[in-house]
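Take a moment to look at the structure below and turn it around slowly. We will then walk through it together.

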Amino acid sequence: MGHSSAAVWDQRAANEITKDWNGIDQVTLRSPRGASARVSLHGGQVISWRNDRGEELLFTSNKAIFKSPKAMRGGIPVCFPQFGNGGCLEQHGFAKNKIWTIDADPPPFQPSDSNGKAFVDLLLKPSEEDLKFWPHSFEFRLRVSLAANGDLNMISRIRNINGKPFSFSFAYHTYLSVSDISEVRIEGLETLDYLDNLCQKERFTEQGDAITFESEVDRIYLTSPNVIAVLDHEKKRTFVIRKDGLPDAAVWNPWEKKSRSMTDIGDEEYKQMLCVDAAAIEKPITLKPGEEWTGRFELSVVPSSYCSI
């Protein structure tokens with residue numbers, strides 16, 4: 001199918017629904033300039049994000065297991081209602097392992113969340129089985145959109161339709177594709193306090209001018225700014241993360257020893273990946289009956305010489 005030169009771009013025509021090898025629907029979003037994003041209804045997970053040159057910007061392990069009920073290693077799994085293993089549920093909660101539905105008639109968004117963007121709206125509601133493990137009724141609406149310039153946007157709206165309050169933690173567990181982890185640095189988290197998961201969540205203060213990597217890192221940076229930059233020196237590009245409603249930022253790279261103990265990541269693949277998650281972890285979000293929470297996340301990539309946060 002050829003590219004249309006029409007002045008008005010129809011975002012719905014820019015969406016393509018296909019099935020993966022497990023028969024689960026996935027939606028491909030395309031921008032008029034050629035960027036794309038692919039979203040699986042398994043977990044509402046973004047599994048690919050490519051720029052207008054076709055370069056993949058998210059990391060997916062070559063050993064990733066694409067089989068329900070587990071989420072695959074890579075892309076952007078959605079962690080809800082628990083981040084990590086700090087609660088009674090499985091690691092990172094159950095939302096990433098569930099089959100979502102396409103939401104044909106979502107409640108209204110702001111015009112800027114739709115105009116000029118290809119998007120898909122997804123919906124997750126708890127099953128009877130889910131309610132046995134986490135007895136709270138909710139509606140989780142997720143919009144994934146791709147702007148005309150290729151920026152990736154994710155908006156989560158979680159509503160309490162229960163008769164009592166509930167609390168949850170949340171993260172967009174974002175696997176960035178990098179050229180060489182030893183040549184990467186993060187700016188925007190310096191001087192912040194963080195919880196170190198390698199030291200029983202002990203609290204420390206970041207001392208470096210920027211975060212660089214020479215060993216395993218597993219941290220939660222607290223009360224982080226709404227803009228964070230991840231600079232990849234070798235590729236001369238910078239990922240810019242913008243977030244709202246998500247005060248924390250989780251940073252993870254398993255390094256060599258941890259990678260060797262994991263079945264779904266190659267021994268050397270840690271060099272090509274970095275997780276930087278927009279998150280709400282330290283202080284769980286509490287919703288009263290009828291209340292709704294919104295968490296916004298935007299991911300863009302710019303030439304490193306251009307970036308300034």
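What follows is a short tour of a sheet and of a few backbone details. Keep in mind that this is a predicted model.

Let's begin with the sheet. Strands of a sheet pair through backbone hydrogen bonds, either parallel or antiparallel. Here you can find an open sheet of eight strands, and its pairing is antiparallel. Reading across, the order is β6-β7-β8-β9-β20-β17-β16-β12. At the edges sit β6 (101–102) and β12 (184–187), each of which pairs on one side only.

Now zoom in on β12. Its partner is β16 (residues 227–232), to which four bridges join it in an antiparallel arrangement. If you pick out E187 in β12, you will find its bridge partner in β16 to be A229. The strand β12 also has two faces: V184 and I186 are on the covered face, while R185 and E187 are on the uncovered one.

Next, look for some backbone details. In the loop between β5 (78–79) and β6 you will meet P81. The peptide bond leading from F80 to P81 is cis, with omega near 0°.

Two other residues have a positive phi without being glycine. One is K201, with phi near 60°, in the loop between β13 (193–196) and β14 (202–205). Is K201 buried, exposed or partly exposed? Its relative accessibility is 45%, so K201 counts as partly exposed. The other is W255, with a phi of about 60°, which lies in helix α2 (residues 255–260). W255 counts as buried because its relative accessibility is 19%, and buried means under 20%.

Technical notes
Residues numbered from 1 in each chain as written. Predicted model: local features only at pLDDT ≥ 70, side-chain atom pairs only at ≥ 80, totals over all residues. Heavy atoms only, no water. Pairing = 2+ DSSP bridges. Buried < 20%, exposed > 50% of the residue type's maximum accessible area, 1.4 Å probe, protein only.
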